Amino acid sequence: MTRVYRNSTEVGELHGFPVYMNDIVDACLAGKLNLFLQGDTGSGKTQLARDMMSYFPEKSLFILGRNDMDTRELFQQINPEFFDAVRKGKNIQGLEAKQLTDAVHYNLIVVDELPNCVPAVRAQLFNLFDGFIEINGKPYPIGNGYSVGIGTGNIGQQFTESSNELGRALKDRMHVILDVDYFFPKPSDTLEILASSTNPRVEFNTNENEGRQFIKENQELAEKPVSLEKLIIANYLLHGLDYCNQGQSKREMKSAWPNQVTAHGAGSDEALVLPASPRAAKSIIRLSQALDEIAKRKGATEEDIESGSLNSMMMAYKLVSAYSGILNEAMVQNVYNGNHYSALNAAITATKGEFDRNKDKIMAGLEMVKSMKRDDKTISRFAGRWKFMRNTLDYLLDKQKREEKK
Ligand SMILES: Nc1ncnc2c1ncn2[C@@H]1O[C@H](COP(=O)(O)OP(=O)(O)OP(=O)(O)O)[C@@H](O)[C@H]1O
Ligand SMILES: [Mg+2]
């Protein structure tokens, strides 16, 4: 494995092993998750994206975002055959869908300096990130079932403003948003970087086999069943975190959240964080599974992974959600010095505390599901923000019974 990007700063620890920036990138490729690299100039974003392109030498597209690029030029870059046909006055209908999709075979699409693109171009780029291209109002899938989008850019503050059009679109399309400034390489890394090459241009390698490996891993991950524990953790992020003011729903409060949250005590997350969206919850599960595989390769055992579900899900939660717009921005600025990761860490500490305090109940609930005997007492123990467990357990019981009958 030859990678130019170097960074031995830990993004976190999982199942007893350190996780680095390169691991996160691998997890995104294996999980088929779009990644946005946000950060200051010269911090290696383009290099990291180039390293990822090296896995898909014939099947990656690099687009440099410029404000004078129009959709015509974008199409020219994506699909010259198609564009030439149009220019020569050929009927587009004459070009068959197969020809089109063959030409749009990219497994990886990198848009460097994405914020420089004008909105019309961005709209097409975001389609690409969603896995298709739209030509004359018709969507064509790209990458033969596997395509990942990488964006880079320094958008700083604007990013977090929910009214900002680019910010919103990015949060919608990018499954993982990493602020590389918080994980700056160690002095030993920068020495190595400076000593190995003083060429300030990004460097290029090719590792085609690894690209195929990522596609295979992705298929395996997609087929792997999600554990009950992870499903319950995801449901907590979706429903447990929706609870505030002793029974109100944050979602239903809409813009009254967080200002009208009154009943929260110290250390409470009620005014700090919104519940996860179903889409975010899916990304969290997928990323957590991909991270588990990486930890396994580093030496973690199946038991470590099984008993560390909460840690793995929380690491994925942090990476997916820090910049996804669920945090109370005023609190991030005023309480956490503008650091989204610190703010989300506080929410994670609160979540871990909740799971710890309710461990017995949750275990009893899971035992009940496994034994397939519904027990009112076990179910009614869940109250307050944990009330979602009643419906969750009943559903799991039913599902278990249905599967038994088959
Ligand atoms: N962590 C790193 N590992 C290896 N090389 C690095 C690293 N960080 C920076 N470099 C090198 O520094 C130079 C600048 O990096 P790069 O162009 O990737 O930065 P960038 O974050 O894309 O900056 P900009 O925001 O200005 O586009 C390149 O030569 C790159 O190879
Ligand atoms: Mg760059």
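User: What is the relative accessible area of E229, and how should such a value be read?

Analyst: The value is 32%, and E229 is therefore partly exposed. In this scheme, buried means under 20% relative accessible area, exposed means over 50%, and partly exposed lies in between (1.4 Å probe, protein chains only). This is a predicted model, in which local features need pLDDT of at least 70 and side-chain atom pairs count only at pLDDT 80 or more, while totals for chains, interfaces and linings use all residues. Residues are numbered from 1 along each chain as its sequence is written, chains are lettered from A and ligands numbered from 1 in the order in which they are written, and side-chain values use heavy atoms, with hydrogens and water left out.

User: Which residues form the negative surface patch?

Analyst: A patch joins like charges within 9 Å, taking residues with over 30% relative accessible area and no salt bridge. Here E229, E303, D304 and E306 form the negative patch. Helix 13 (residues 302-307) supplies the largest share, three residues, whereas E229 lies in helix 10 (residues 228-238). Helices are DSSP runs (H or I, at least four residues), numbered from the N terminus.

User: Which residues of helix 3 are buried, and how are they arranged?

Analyst: An α-helix has 3.6 residues a turn, so residues three or four places apart point the same way. In helix 3 (residues 71-78), the buried residues are L74, F75 and I78. Viewed down the helix axis, they fall within an arc of 100°, so they line one face of the helix. The arc is taken from the directions from the axis to the C-beta atoms.

User: How many salt bridges are counted?

Analyst: A salt bridge is a side-chain nitrogen of Lys or Arg within 4 Å of a carboxyl oxygen of Asp or Glu. The count by this rule is 18. One of them pairs D26 with R3, with the closest N and O atoms 2.5 Å apart. D26 belongs to helix 1 (residues 21-31) and R3 to the segment before strand 1 (10-14), 23 residues apart. D26 is buried at 10%, and R3 is buried at 15%.

User: Where do E293 and K224 lie?

Analyst: The two side chains meet in a salt bridge of 3.3 Å, N to O. E293 is in helix 12 (residues 278-298) and K224 in the loop between helix 9 (208-223) and helix 10, so the pair ties together parts 69 residues apart in sequence. E293 is partly exposed at 22%, as is K224 at 38%.

Notes. Patches are made of residues with over 30% relative accessible area and no salt bridge: like charges are joined within 9 Å, nonpolar side chains (Val, Leu, Ile, Met, Phe, Trp, Tyr) within 5 Å. Accessible areas come from the Shrake-Rupley method with a 1.4 Å probe; for residues, only the protein chains shown count as cover. Lys and Arg count as positive and Asp and Glu as negative; His and the chain ends are not counted. The place of a charge is taken as NZ of Lys, CZ of Arg, CG of Asp or CD of Glu. Helices (H or I, at least four residues) and strands (E, at least two) are DSSP runs, numbered from the N terminus.
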